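Okay, thanks everyone. Have a look at the next slide, and then I'll talk you through it.

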Amino acid sequence: SSGINAEYGGVVQVNAGMNYINPGIDKSVTSQVIIIWCITVIATISVVSGLGNGIRRISEICFAVGMFVLLAIFFLGDPWFILNLFTQSIGYYFQWNLELGTHSDAFEMSVPSHGGKDRGRAYEDKSTDGPSGWMNGWTIFYWGWWISWSPFVGTFIAKISKGRTIRQFVNGALTAPVLYSFLWMVIFGGTGIQRERSAAGVGVCCPNWNPAIV
């Protein structure tokens, strides 16, 4: 139940996305409660239907839709850029994984970074500190998310891996998901950032972005 509760934290994001697509859908507690109920009903039906029927079918449908969108963005976008970014991102991941995984904004939470402008790090009159709610809204939230889900996911993987070799387990439960996550983040995230930079360059959005210094 703790994992499901952490999952509901994403309801705010879902509500914001639906409002962006259709402004008629309000960003409100009422909308979020309706979304929670929809998720609960679907999850309940899936669990009651059993592992081989409900959960399997929903997983297959989600995977198929995800792959279709993923490949469409890859081939309709800039494949060379995405492959280039994939190579770069692997290096960044191994370089920053440990540091970012344990970063807790200790100095920023203690005292503001006065003097940042003198060191050439501040933008105009703004501090170099990140948003005050960043750690709670992202890092701490995802720590709680993964910790709460780990017992359930571990048990689930152990159940579906019964009878398989260690090599099959490592490839199917570790290697393949990690590589797929890399592709997913690079294709969607990289394409989004590329579009934003291109739009800013022609003055469509992001007026604070200066192509001359980035």
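So, what percentage of the 214 residues in the protein chain do buried residues make up? It comes to 15%. Keep in mind that this is a predicted model.

Right, the overall picture. We've got eight helices and zero strands, so reading from the N terminus on, you just get α-α-α-α-α-α-α-α. The accessible surface comes to about 16300 Å², and 67% of that belongs to carbon and sulfur atoms. And if you take the contacts with a separation of 6 or more, 54% of them are between residues 24 or more positions apart.

Now, the inside. The largest nonpolar core has eight residues: L70, F74, I82, L85, F86, F182, V186 and I187. Helices α4 (51-76), α5 (79-102) and α8 (166-201) each supply at least two residues of that core. Let me pick out F182 for a second. If you leave aside its neighbours within four places in sequence, F182 is in contact with F86, S89, I90 and Y93.

Over to α2, residues 11-21. Here V11, N15 and N19 are buried. Why do they end up on the same side of α2? Because they cover an arc of only 75° around the axis. You all know the general rule: an α-helix has 3.6 residues a turn, so residues three or four places apart point the same way. On the other side of α2, Q13, Y20 and I21 are exposed.

Last bit, the aromatics. The count comes to seven aromatic pairs. One of them is F63 with Y180, a tilted pair, 5.8 Å centre to centre with 35° between the planes. F63 sits in helix α4 and Y180 in helix α8, so this pair ties together parts that are 117 residues apart in sequence. Then Y180 also pairs with W184: the ring centres are 6.1 Å apart and the planes are at 35°, so that one is tilted too. Y180 and W184 are four residues apart in helix α8, which means about one helical turn between them.

And are these rings tucked away? Well, F63 is partly exposed, at a relative accessible area of 47%. Y180 is partly exposed at 26%, and W184 is partly exposed at 32%. Put the ring pairs together and they link F63, Y180, W184 and F188 into a cluster.

That's it from me, happy to go back to the slide.

Note on methods
Residues numbered from 1 in each chain as written. Predicted model: local features only at pLDDT ≥ 70, side-chain atom pairs only at ≥ 80, totals over all residues. Heavy atoms only, no water. Core = buried A, V, L, I, M, F, W, Y, C linked by side-chain atoms within 4.5 Å. Buried < 20%, exposed > 50% of the residue type's maximum accessible area, 1.4 Å probe, protein only. Contact = heavy atoms within 4.5 Å. Arc of directions from axis to C-beta. Areas by Shrake-Rupley, 256 points an atom, 1.4 Å probe, with all protein chains shown as cover. Phe/Tyr/Trp six-rings, centres within 6.5 Å; stacked < 30°, edge-to-face > 60°.
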